[in-house]
Amino acid sequence: MPTLLDPVLDLLMLRGTVTEAEPIAARMRRLRIEGDTLAGLDVRPGQQVRVLVGSGLTRRTYSVWRYDPSGAVELCVLDHAGAGPGARWGSGVEVGERVRLGKPEGSFTLRPEAAHHVFVGEETASVAFGAMLAALPPGARVSGCVETETAADRLPLSRSDRLDWLTRGGTSLPDAVRRLAPEPGGIAYVAGEARVVQQVRQVLVREAGWDRRAVLTKPFWAPGKRGLE
């Protein structure tokens, strides 16, 4: 990490140390980062942090999987083909390494007051979904569709039995939402690949009659691009 920039980075970013690093799914690694500057943050389920990865000033954005107010942030990093700096950092970082990251941010967050919560996305969305689902009360009404490459890629989500799990190459997410046919009146959280996010939004709004304002979207990535953050 560039030593000359340390004083500036200390003003702009938080600092922590990796205390745990382990597989949580076939292609997903859980990282726990602890530090005094991570204590007492205002974190809403679904928010993200920007992490300084590798050498230089390259940053990548990750959804918060778990947050401990005493001073710990947990992330889940996907390992995928054609891995860029973020995936390489996530698969290679070890316990004891120091990490710089920004404060949690973003408006793609849980709306706890909703009568019905619908989650639609794939691996890159499932981390945010996990944080949201864990924050819901036991009696919350939940449904949705989550797509992964294989069954081994599924994260251990709270209320996972209420979701329709898809394997890539079979039913598409838009078609799965058509089959699910969620009634309007709740909040839908749709995230993942930009084109699919738009298709799912159109199914909910144009075909199922959802209010556009009730469909929260987060395009995390697009083919051939480094990401949309």
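Visitor: What percentage of the 229 residues in the protein chain is buried?
Guide: This is a predicted model. A residue is buried when its relative accessible area is under 20%. Among the 229 residues of the protein chain, the buried share is 47%.

Visitor: How many helices and strands does the protein chain have?
Guide: Both kinds of element occur in the protein chain. The count is five helices and eleven strands.

Visitor: What is the radius of gyration of the protein chain, and how does it stand against the globule rule?
Guide: For 229 residues the globule rule gives 17 Å. The value for the protein chain is close to that, so the chain is as compact as a globular protein of that length. Along its principal axes, the C-alpha trace spans about 55 × 35 × 25 Å. The radius of gyration is 18 Å.

Visitor: Among contacts between residues at least 6 apart in sequence, what percentage joins residues at least 24 apart?
Guide: Contact here means heavy atoms within 4.5 Å. Of the contacts in the protein chain between residues at least 6 apart, the share joining residues at least 24 apart is 67%.

Visitor: How far apart do the centres of the positive and negative side chains lie?
Guide: The protein chain has 30 positive side chains. It has 27 negative ones. The centres of the two sets are separated by 5 Å.

Visitor: Which residues touch the most other members of the largest nonpolar core?
Guide: This core holds 45 residues. Elements that each supply at least two of them include strand E7 (117-122), helix H3 (123-135), strand E10 (187-193) and helix H5 (194-207). Another core, of 18 residues, lies apart from it, with Leu-14 and Val-73 among its members. In the largest core, the residues touching the most other members are Phe-108, Phe-119, Tyr-189, Val-190, Val-200 and Leu-204.

Visitor: Is His-116 buried or exposed?
Guide: His-116 sits in the loop between strand E6 (98-101) and E7. Beyond its neighbours within four places in sequence, its contacts include Arg-141, Val-142, Pro-182 and Ile-187. The relative accessible area of His-116 is 5%, under the 20% cut-off, so His-116 is buried.

Visitor: What distance separates the C-alpha atoms of His-116 and Pro-184?
Guide: Along the chain, His-116 and Pro-184 are 68 residues apart. In space, their C-alpha atoms are separated by 8.8 Å.

Visitor: Which residues does Val-205 touch, not counting those up to four places away in sequence?
Guide: Val-205 belongs to helix H5. Val-205 is buried, with a relative accessible area of 15%. Leaving out residues up to four places away, Val-205 touches Trp-210, Arg-212 and Val-215.

Visitor: Where is Leu-163, and how far is it from Val-142, C-alpha to C-alpha?
Guide: Leu-163 lies in the loop between E8 and strand E9 (164-167). At 6% relative accessibility, Leu-163 counts as buried. Leu-163 is in contact with Val-142, which is 21 residues away in sequence. The C-alpha distance between Leu-163 and Val-142 is 7.7 Å.

Visitor: What is the phi of Arg-159?
Guide: Arg-159 is found in the loop between E8 and E9. Arg-159 is buried at 13% relative accessible area. Although Arg-159 is not a glycine, its phi is positive, at about 60 degrees.

Visitor: Does Ala-181 count as buried, partly exposed or exposed?
Guide: Ala-181 is in the loop between H4 and E10. Its phi is positive, near 50 degrees. The relative accessibility of Ala-181 is 49%, so Ala-181 counts as partly exposed.

Definitions and conventions. Residues numbered from 1 in each chain as written. Predicted model: local features only at pLDDT ≥ 70, side-chain atom pairs only at ≥ 80, totals over all residues. Heavy atoms only, no water. Helix = DSSP H or I, 4+ residues; strand = E, 2+ residues; numbered from the N terminus. Rg over C-alpha atoms; globule rule 2.2 N^0.38 Å. Buried < 20%, exposed > 50% of the residue type's maximum accessible area, 1.4 Å probe, protein only. Lys, Arg positive; Asp, Glu negative; His and termini not counted. Charge placed at Lys NZ, Arg CZ, Asp CG, Glu CD. Core = buried A, V, L, I, M, F, W, Y, C linked by side-chain atoms within 4.5 Å.
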